[in-house]
Amino acid sequence: MVKANFYRKNGMYCGFIISGHAGGKYGQDIVCAGVSSAVMLTLNTITDFFSSDADVRVEENKVGLRLKDPQKDDNARALIFSLENHLKLLSEEYGGIEVVVKESKQGSE
């Protein structure tokens, strides 16, 4: 199962951590491909196109992003919200994704 944790601070999106794998059953490979593509587009747009000040962590089967100052970055916050919605839609259509939104003091855990 893919676990997508989104973090908000004072009601504003400030980061996410995506981990896991959708599974090895036939048809679930499209879920992993969709999640991977959406996450990479989000990361690259926030860091390269918007030039947002963000911490990015990439590990095996885990990727995370934390905005250093979410209040100053409307575009990045909107893109994180869009990623959350996209993953919810993928989950509704195919399953294999758990999407959780957490209020955080840190921005991401």
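Helices here are DSSP runs of H or I with at least four residues, strands are runs of E with at least two, and both are numbered from the N terminus. By that reckoning, T45 falls in helix α1, which covers residues 29-49. The model is a predicted one, so a few ground rules apply: local features need pLDDT of at least 70, side-chain atom pairs count only at pLDDT 80 or more, and totals for chains, interfaces and linings use all residues. Residues are numbered from 1 along each chain as its sequence is written, and side-chain values use heavy atoms, with hydrogens and water left out.

Zooming out, the chain comes with two helices and five strands. Read from the N terminus, the order is β-β-α-β-β-α-β. Of its 109 residues, 39% count as buried, where buried means under 20% relative accessible area, exposed means over 50%, and partly exposed is what lies in between (1.4 Å probe, protein chains only). About 6400 Å² of the chain is exposed, and carbon and sulfur atoms supply 48% of that area; the areas come from the Shrake-Rupley method with a 1.4 Å probe, and for residues only the protein chains shown count as cover. As for contacts (heavy atoms within 4.5 Å), take those between residues at least 6 apart in sequence: 58% of them join residues at least 24 apart.

Back to helix α1. T45 has a relative accessible area of 18%, so it counts as buried. Leaving aside residues up to four places away in sequence, T45 touches F50 and L79.

The aromatic side chains come next. Rings of Phe, Tyr and Trp (its six-membered ring) pair if their centres lie within 6.5 Å; planes under 30 degrees apart are stacked, over 60 edge-to-face, and the rest tilted. The structure holds three such aromatic pairs. One of them is F6 with F16, a tilted pair at 5.9 Å centre to centre and 45° between the planes. F6 belongs to strand β1 (residues 2-9) and F16 to strand β2 (residues 12-20), so this pair ties together parts ten residues apart in sequence. Both F6 and F16 are buried.

Another tilted pair is Y13 with F81, at 5.4 Å centre to centre and 50° between the planes. This one links distant parts of the chain, with Y13 in strand β2 and F81 in helix α2 (residues 74-94), 68 residues apart. Y13 is buried at 9% relative accessible area, whereas F81, at 39%, counts as partly exposed.

Y13 also has a charged partner: the charged end of R8 sits over the Y13 ring, 5.7 Å from its centre. The criterion here is NZ of Lys or CZ of Arg within 6 Å of the ring centre and within 35 degrees of the ring normal.
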